[in-house]
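Trainee: Please give me a close look at the strand pairing in this model. I would also like to see what else in the chain goes with it.

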Amino acid sequence: TDANGSGPVTPEVNIIRRKLNGYVGFANLPKQWHRKSIRRGFNFNFFIVGESGLGKSTLVNTLFNRELYPQKEVRDPSAEKQTNVKIETVSADIEENGVKLHLTVIDAPGFGDAINNSDSWEPIIEEINSRFDQYLEAETKINRTTIIDNRVHSLVYFIEPTGHSLKPLDITFMKKVHTKVNLIPVIAKSDTLTEEEIADFKQRILDDINTQGINIFRPPTYEKDDEETILSCQELMSRIPFAVVGSTDEVSGKDGNNVRGRAYPWGIIEVDNEDHCDFVRLRQLLIRDYLEELRETTAKKLYENYRTEKLRNMGIEQDHSVFKEFDPLVKQQEEKTLHEAKLAKMEAEMKSVFDQKVTEKEKKLQKSEAELFSRHKEMKEKLLKQVRLLEEKKTALENSSRNMLDNPSQQKSRKRIF
Ligand code: GTP
C-alpha cells in the first residue's frame, strides 16, 4: 500500500511510443482471432418471457428466419388456463456464411396466465440461477478447458400492446430479473397500435422503467468508436422499447416483391421495413451488432455479481486485489482440517480433565493409605505395648506365686495385706 495506506501502489510504467521500421506481424492478431472464433463457433442463449399469445414463438422464428418453433395449434380461449409456469428450451445449430451459432431459446409457457401471478417469475429466476450455478460448478472442476456456456445472455420481455402503461406484473417481473440478465423489453404485436399510440406507449414505458429503477440493456459506445457506430447506437437507443411485429409468411410488398409481413385489408406491414416496425432494430441489437456484447456483459458483469454474492453467502471472502478461485476440493479440505482440529482440541481437553481427576483420586488414595498405615502402626504399637504390659504382669504374677509357694508365712501376711 502507499504511504497513506489507502491502496496498492501501481509501479511506474514507461510507455515508449515509437514507429516500427518494418512489418512485425501483430497487426494480424484480429485475423488470428477471427479464424479461431470461426473454428470454435458461437453460442447464444436467450429467454423469451411474456403472456401467452403475444407472438413470442413467431418472433423467434422471424429473427432466425426458420421454424425453430413448430406452428402451434391455436388455443381454445374457453379452455382452462395453465396455472403453473413451465420452462421449455429449443436448441438449434445454425450457420451463416460459414459462421456457426448454437442457439438456445428458453421459453416460460404459463407466465402471467394464472389468476394470481404473484410468484410466476420464480421458475424463471430459478432457471437463470441454475444456469449460473452450472457454470460456477464447471469452473471449479479440475478440468475446465471446455466449459459449455449455458448462461442466459439476454431476456426479451414481451409487453402487451395495451397502449396504456406497464402492468404491475410487468414491473414486478422486470424488477426481479434486471440484475441477473440483459433485459430487452419489446412491445409485442405493435401492428395493433397506431404510430402515435406507439410513441406515447413507448414514452410511458420508459417513464415507468426510469421511476422504478429498472436496468435495461442499452448498447454501449466506446471511446474509439467511429462516428457512424456512435450514430447507429444512438438511433438504436432512441427506439427502445422496440415495437415489434413478427411473421415468417411472405406477402407481396409495395414494389411487387415478396416480403415477410402481415397482410391486412387496409395494407401490408413489412417486418423488415424500419418504417413499419422496430423488428430490424431488435435483430440488430440481439444478433447483428451486440450479440458478443450481450455475452460479455453476462460473463463479466452479471455472472461476476452473482458469483461474488454466492461465494460470499457461502462464507468465502473475496480479496479485492487478487480474485481468489473457489475450489470445492480446497474448501472441503479446509473444512476437514478445521473439523479434525476441533476434534483434537476436544480430545485434549477431555484428556486433561481425565488426567486431573486421576491425579486427584491418586492423591486421595495415597493420603488415605498413609492414614491407614499410620493408624495401623499406632494400633500395632498399642497392642505391642499391651502385650508387653501383660507379659510383665504375667511374669510378676508368676514370680509372686512362686514366692508364695516357697514361703507360706508370706502367704498369710499377704492374705492380710489383701
Ligand atoms: P404461447 O406459445 O401461447 O405463449 O404464444 P406465443 O407468445 O408464442 O404466440 P405465437 O407466436 O404462437 O402467436 C400467437 C398468435 O399471434 C398467432 O396467431 C400469430 O400469428 C399471432 N402473431 C404473432 N406475432 C404477431 C404480430 O406481430 N402481430 C399480430 N397482429 N399477430 C401476431
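Mentor: The C-alpha centres of domain 1 and domain 2 lie 94 Å apart. This is a predicted model, and the domain assignment of the chain puts residues 28–326 in domain 1 and residues 327–418 in domain 2. The strands to look at lie within the residue range of domain 1.

Start with strand β1, residues 42–49. It pairs with strand β3, residues 99–107, in the parallel sense, and the pairing runs over 7 bridges. Two of the pairs can be picked out by residue. Phe44 has Leu103 of β3 as its bridge partner, and Phe46 has Val105 of β3. In a regular strand, side chains alternate between the two faces of the sheet.

Strand β1 also pairs with strand β4, residues 154–159. Here too the two strands run parallel, joined by 4 bridges. One position to find in the view is Ile48, which stands opposite Val156 in β4.

Now go back to β3 and follow its pairing with strand β2, residues 88–96. These two strands are antiparallel, with 9 bridges between them. Asp93 stands opposite His102 in β3. The two strands form a hairpin with 2 residues between them, and Asn97 in this hairpin takes a positive phi near 50°. Asn65 also has a positive phi, of about 55°, although it is not a glycine. Asn65 sits in the loop between α2 and β2.

Helix α2 leads to the ligand. The helix spans residues 56–64 and gives the most to the shell around the ligand, namely 3 residues. The ligand is surrounded by 15 residues, with Ser52, Gly55, Lys56, Ser57 and Thr58 the closest. By class, the shell has 3 nonpolar, 7 polar and 5 charged residues.

A further set of strands can be set beside the pairs above. Strands β7, β8 and β9, in that order, make an open sheet of 3 strands with antiparallel pairing. β7 (250–252) and β9 (267–270) each have a single partner strand, so they stand at the edges, and one side of each is left without a neighbour in the sheet. From one strand to the next, the twist averages 65°. Strand β8, residues 258–264, is joined to β9 by 4 bridges. In that pairing, Gly261 has Glu270 of β9 as its bridge partner.

Before these strands in the chain comes a cis peptide bond, from Ile240 to Pro241, with omega near -5°. Pro241 is placed in the loop between α6 (227–238) and β6 (242–243).

Last, a helix pair. The axes of helix α3 (residues 122–139) and helix α8 (residues 291–313) come within 11 Å and cross at roughly 75°. Because of that angle, α3 counts as roughly perpendicular to α8. On the α3 side the contact is made by Phe132, Tyr135 and Leu136, and on the α8 side by Tyr303, Tyr306, Arg307 and Lys310. By class, this contact has 5 nonpolar, no polar and 2 charged residues.

How values were computed. Residues are numbered from 1 along each chain as its sequence is written. This is a predicted model: local features need pLDDT of at least 70, side-chain atom pairs count only at pLDDT 80 or more; totals for chains, interfaces and linings use all residues. A residue is near a molecule or strand if its C-beta atom, placed from the backbone, lies within 6 Å of it. Ala, Val, Leu, Ile, Met, Phe, Trp, Tyr, Cys and Pro count as nonpolar, Asp, Glu, Lys and Arg as charged, and the others, Gly among them, as polar. Two strands pair if DSSP finds at least two bridges between them. Domain bounds come from an automatic or database domain assignment. Axes are lines fitted to C-alpha atoms, for helices over the stretch in contact, and angles run from 0 to 180 degrees between N-to-C directions. Angles under 35 degrees count as roughly parallel, over 145 as roughly antiparallel, 65 to 115 as roughly perpendicular and the rest as oblique. Two residues are in contact if their C-beta atoms, placed from the backbone, lie within 7 Å.
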